[in-house]
Amino acid sequence: MTLKIVFQKPSQHKTLCLGVYEEHHFPLPTQTWDKNLNGFIKDSLKSSKFAGKLNQFLPLFTSKDQQIILIGLGKKTDQNERQWQLIGSSLLNALTASPNGEGAVEIHSLKDQDDAQVNANLALGALLKSWRFEKYFTKKLPEELFSIKKITFCTSTPDASEKVFKPLSQLAEGVFLTRTVVTEPANVMTPESLAKIAESLKKEGIKVDILGEKELKKLGLNALLGVGQGSNKESKLAVMRWEGGPKKEAPIAFIGKGVTFDSGGISIKPATNMEDMKYDMSGAGVVIGLMKNLALRKAKVNVVGVAGLVENMPSGSAQRPGDVVTSMSGQTIEVINTDAEGRLVLADALWYTQEKFKPKLMVDLATLTGAIIICLGNERAGLFTPDEGLRNKLSKAGEKVGELLWPFPLDDAYDKEINSDIADMKNSVTGRGAGSITAAKFLQRFTNNIPWAHLDIAGVSWTQKELPLCAKGATAFGVRLLDRFIADNYESK
Ligand code: BES
Ligand code: MG
Ligand code: ZN
């Protein structure tokens, strides 16, 4: 169940959260405020360890039918859009004991702040953090008894807040679609069912084409098809177009790796943690969620989303190590390791995209290498691009939304590593060094020199721990980043 968000003028509420800055400044007053409480709150502040820090809260029972909860707002100087989202997410913790699963919040922004922005971003933070995937539980969860169902944001500008919140709630819908498809297990989220979800975006006004194996064979996407040939599920390419910009303007293209399960194929993975490989379609999931968000908020831009959808399985018909395939670009690839399958899928998806749509730029997203987790852990995604402008725009967008990137080099010297003795290139190198970079260099050979960036999201697509704006599990890392990347750089105002 999704959290209900309401914006309202200040009024009496059973459970009311009040914000307090670290400087102990507590920004009341409202018309409905009982002035007698001011002294009580000041005393409570003095006699507790509550210091107004972010994520701190202090429940105060003021009377039998009203509870006030002081919530930390952090330092006054730290306030920005992201900080308000973090405070918003902390409301869920502060309100866990609310008797009816509801709570109200009143936070008076400082003089130079836009009250509607503050309240809308508080709401977005709470909403993003509240998302859960509960589909497969057949019994009621104990924590559900405590879960918050509705938050009312008390503001002097409810209409303006609502207006700012609208596109943010649409962004959350995109994020939730991504989290849902990534969380679904691989027996449910097959190439075909993921293609169906892409297709369902038609009702939002997106043009969708799903190419099956016959069409892909005809077009020559043999690198992609080789990965899926061991699976009894049909490989697909989902092509989504949102045309919200000027008619003749070249689109921006996003390409996602959609390996619905990566067993490694004949180069099979060890059993430990293999179940994680259901999220090897996160790149495709992000592209699908992003497209939904762009359509919902009617973004003024032309965008193409392409998802390469395959399942990588071992079987009698599976691709073997040593096989040579001819990609759509005509370049031949020796498949050294069937577990380095993502680059094979993306090679054809990238080539197809640039040939078919002549985009002004391409960004691909892929859970491409384990090596990126060795480099960056789960904190940042790897950013690979030869284009300085793109590097800056993507990094900046990431910082604004708190989805951080880190740039890697793409020197020609790394490129030589992927030359093969029998074909134009091989899909895996002998040494263990620079695995994420050599993977990116492989992709680069399929970009046809169109401005391109690659995001290796293997370490950030799934979280084992609670994050500020995300419960454990699928994060949808990339949806908010790319939404911002588009809004700040490519949308006509
Ligand atoms: N899907 C994996 C990468 C991955 C690892 C994603 C962990 C998420 C979490 C990818 O297909 C893969 O298997 N890469 C190999 C490449 C190697 C065989 C060159 C890897 O990283 O070990
Ligand atoms: Mg693999
Ligand atoms: Zn993979």
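## A tour from a buried serine to two metal ions

Start by selecting Ser 436, which counts as buried because its relative accessibility is 2%. Bear in mind as you click around that this is a predicted model.

**Stop 1: around Ser 436.** Colour helix 13, residues 435–444, and you will find Ser 436 within it. Now show the side chain of Ser 436 and look for the backbone nitrogen of Ile 372, which it reaches at 3.0 Å. Which residues does Ser 436 touch, leaving aside those up to four places away in sequence? Select Thr 369, Ala 371, Ile 372, Phe 384 and Asp 456 to see them.

**Stop 2: ligand 1.** Next, pick ligand 1 and display its surroundings, made up of 18 residues. The closest are Lys 269, Asp 280, Asp 339, Glu 341 and Gly 370. Then turn to the oxygen atoms of ligand 1 and the polar side-chain atoms beside them:

- Lys 257 places a polar side-chain atom 3.2 Å from an oxygen atom of ligand 1.
- For Asp 262, the corresponding distance to a ligand 1 oxygen atom is 2.9 Å.
- For Asp 339, a polar side-chain atom lies 2.8 Å from an oxygen atom of the ligand.

Keep these side chains on screen for the metal sites.

**Stop 3: the zinc ion.** Select ligand 3, the zinc ion, and show Lys 257 (NZ), Asp 262 (OD), Asp 280 (OD) and Glu 341 (OE), its protein donors at 2.0 to 2.4 Å. What is the geometry of the zinc site? It is octahedral, with six donor atoms and angles of 78 to 174 degrees among them. For comparison, ideal angles for six octahedral donors are 90 or 180 degrees. If you have the sequence panel open, trace the donors of the zinc ion by their spacing, K-x4-D-x17-D-x60-E. Distant parts of the chain are linked here: Asp 262 sits in strand 9 (residues 252–262), while Asp 280, 18 residues apart from it, is in the loop between strand 9 and helix 8 (282–296). Are these two aspartates buried or exposed? Asp 262 is buried, at 3% relative accessibility, and Asp 280 is buried too, with a relative accessible area of 2%.

**Stop 4: the magnesium ion.** From the zinc ion, move 3.2 Å to the magnesium ion (ligand 2); Asp 262 coordinates both. The protein donors of the magnesium ion are Asp 262 (OD), Asp 339 (O), Asp 339 (OD) and Glu 341 (OE), at 2.0 to 2.2 Å. Why is this arrangement irregular? The reason is that the six donor atoms around the magnesium ion subtend angles of 72 to 166 degrees. Along the chain, the magnesium donors are spaced D-x76-D-x1-E. Asp 262 is in strand 9 and Asp 339 is in the loop between strand 12 (332–334) and helix 9 (342–357), so the pair ties together parts 77 residues apart in sequence. With a relative accessibility of 22%, Asp 339 counts as partly exposed.

**Stop 5: a three-stranded sheet.** Finish by following strand 12 into an open sheet with the strand order 11-12-16 and mixed pairing. Strand 11 (324–326) and strand 16 (425–426) are the edges; each has a single partner strand, so one side of each has no neighbour in the sheet. Strands 12 and 16 pair in the parallel sense, over two bridges. For a last selection, show Glu 334 and find Lys 426 of strand 16 opposite.

How values were computed. Residues are numbered from 1 along each chain as its sequence is written. Chains are lettered from A and ligands numbered from 1 in the order in which they are written. This is a predicted model: local features need pLDDT of at least 70, side-chain atom pairs count only at pLDDT 80 or more; totals for chains, interfaces and linings use all residues. Side-chain values use heavy atoms; hydrogens and water are left out. Donors are N, O and S atoms within 2.8 Å of the metal (3.2 Å for Na, K and Ca); water is not among the atoms, so sites may look incomplete. Four donors count as tetrahedral if all angles lie between 85 and 135 degrees; four count as square planar and six as octahedral if opposite donors are over 155 degrees apart and all others between 65 and 115; anything else is irregular. Helices (H or I, at least four residues) and strands (E, at least two) are DSSP runs, numbered from the N terminus. Buried means under 20% relative accessible area, exposed over 50%, partly exposed in between (1.4 Å probe, protein chains only). Two strands pair if DSSP finds at least two bridges between them. A polar contact is a pair of N or O atoms within 3.5 Å; within protein, one must be able to donate a hydrogen and the other to accept it, and residues adjacent in sequence count only if both atoms are side-chain atoms. Contact means heavy atoms within 4.5 Å. A residue is near a molecule or strand if one of its heavy atoms lies within 4 Å of it.
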